[in-house]
Amino acid sequence: MNSISAIFKSAVHALPFISMIFAGGCGAHASSGCESDSAAVGETTVAAAATFSADSAYQFLKTQVEFGARVPNTPAHKATAQWLETKLRQYCDTVIVTPFKPLTFDNVRLDARNLFAQINPGISDRTLLLAHWDSRPWADKDPDPAMRDTPVDGANDGASGVAVILEIARLLRVNRDNVGVDILFVDAEDWGSEGDDDSWALGAQHFAQHPPLDGYAPREAILLDMVGGKNPVFTREYFSQQSNPRLNQRIWRKAAELGYADIFVDRVETAVTDDHVRLIEAGIPAVDIIEYHPGQGFNPTWHTTGDNLQNIDINTLDIVGNVVYQVITDRQSNGNK
Ligand SMILES: [Zn+2]
């Protein structure tokens, strides 16, 4: 860790339905993922690009939460993995599921799996989007001591990032965006012990040590973690800033352009041990978009039983989703910056 006080996301570590906008990419022979995303107006074919749907993202979030807490070695976890794989196969060109069996800090052998997918795999210049899909086994930060052994719903811590990425994948498919995007849903991020860095992000550790493709080297990676809370503030994270300041600059500049400068507050605030650190160590320049309030920390629901659907704000999903989608697709039209 650096001199900056490390926050263990373990510290956190720390995304309705489909608006019927014209989707130029989904024609009469569209794949199964497209049928609800297109419409026809009379005899006119309108080819306007579809936009990020916060309603769709919210549904993706809600579905995850409704499986139950996504704690490894539980039926809810297994069912969620199957659903995630189905969605990735619907929106992406290739999907690689990687089972692994990490040992936790408290000596539990987990039946874990990472899910990796590619959109437009023929494009060599690639952006990796990732989020963890598991949820924490214990609400150890709950204000009520009696609740601290309760598994966390992880509506924000886990499901939000996955939901925004799934919606971006759906949109990339609908719009036929000509960008190289990979998706990684990492498991076993949140079964960690405070003060023990190595106990967190077991899925990202496994991915870094066993990449799913030989020589895998995306240009950049964006981790989304806790991107669906109420009254959010996103500040730049320290390790991200060290690793890829230009990507951070693109993200925060885009957010300001879209009118979100009060939410994407452009300052480096703290260092967070999260999945992105493992990618950075493996040579992948990565940034973490994570809610962190100056002088306060994570969303108050973090690692509490309050991290549930009632404390999700669909507007937060919308803001983060639009920022990330536009950052990705800008590269298509403007080249790399
Ligand atoms: Zn967490």
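**Exercise 1. The two faces of a strand**

Task: In this predicted model, both faces of β6 are covered; work out which residues lie on each side.

Solution. Start with the strand as a whole: β6 spans residues 220–225, and six of its six residues are buried. Next, recall that side chains in a regular strand alternate between the two faces of the sheet. Sorting β6 by side puts E220, I222 and L224 on one face, while A221, L223 and D225 are on the other. Every one of these residues is buried.

**Exercise 2. Neighbours of β6**

Task: Find which strands pair with β6, and in what sense.

Solution. Take β4 to begin with: β4 and β6 are parallel and share four bridges. Within that pairing, L129 has I222 of β6 as its bridge partner. Now turn to β9, which also runs parallel to β6, here with five bridges. One residue pair to look for is L224, opposite I289 in β9.

**Exercise 3. From β4 to the whole sheet**

Task: Follow β4 to β5, then give the order of the strands in the sheet.

Solution. Look at β4 itself before its pairing: six of its seven residues are buried. β4 joins β5 through seven bridges, in the parallel sense. A bridge you can check is the one between L128 and its partner in β5, D182.

With these pairings in hand, the full order reads β2-β3-β5-β4-β6-β9, an open sheet of six strands with mixed pairing. β2 and β9 are the edge strands, each pairing on one side only. On average, neighbouring strands here are turned by 20° against each other, direction ignored.

Finally, place a helix against this sheet: α2 lies across β2, β3 and β5. Its direction makes an angle of about 10° with β3.

**Exercise 4. An enclosed helix**

Task: Is helix α4 largely enclosed or largely open? Name what covers its buried residues.

Solution. Count burial along residues 202–209: six of the eight are buried, so α4 is largely enclosed by the rest of the structure. The buried ones are L202, G203, A204, Q205, H206 and F207. Then ask what surrounds them. The cover includes the strands β2, β3, β4 and β5, together with helix α7 (275–281).

**Exercise 5. Two helices that cross**

Task: Describe how α1 and α3 meet, using axes, handedness and contact residues.

Solution. A packed helix pair is described by the angle between the axes and the distance between them. For α1 and α3 (residues 155–175), the axes come within 8 Å and cross at roughly 135°. Angles over 145 degrees would count as roughly antiparallel, and α1 and α3 are therefore oblique to each other. Their crossing is right-handed.

On the α1 side, the contact is made by S56, A57, F60, L61, Q64 and V65. The α3 side supplies A155, A159, S160, V162, A163, V164, L166, E167 and R170. Sorted by class, this contact has 10 nonpolar, three polar and two charged residues.

**Exercise 6. Two unusual backbone angles**

Task: N73 and H303 are not glycines, yet each has a positive phi; locate both and compare their surroundings.

Solution. As background, most residues other than glycine have a negative phi. N73 has a phi of about 70° and lies in the loop between α1 (54–66) and α2 (75–91). H303 has a phi of about 55° and is found in the loop between β9 (286–290) and α8 (314–334).

For the surroundings, use the cut-off for burial, 20 or more other C-beta atoms within 10 Å. H303 has 26 such neighbours and therefore counts as buried. N73 has 13 and is partly exposed.

**Exercise 7. Apart in sequence**

Task: Where is I314, and how far from V227 does it lie in space?

Solution. I314 is in helix α8. It has 15 C-beta neighbours inside 10 Å and so counts as partly exposed. Although I314 and V227 are 87 residues apart in sequence, their C-alpha atoms are 9.9 Å apart.

Key. Residues numbered from 1 in each chain as written. Predicted model: local features only at pLDDT ≥ 70, side-chain atom pairs only at ≥ 80, totals over all residues. Buried ≥ 20, exposed ≤ 12 C-beta atoms within 10 Å, placed from the backbone. Contact = placed C-beta atoms within 7 Å. Pairing = 2+ DSSP bridges. Axes fitted to C-alpha atoms, helices over the stretch in contact; angles between N-to-C directions. Parallel < 35°, antiparallel > 145°, perpendicular 65-115°, else oblique. Left-handed = near helix turned anticlockwise from the far one by under 90°. Nonpolar A, V, L, I, M, F, W, Y, C, P; charged D, E, K, R; others polar.
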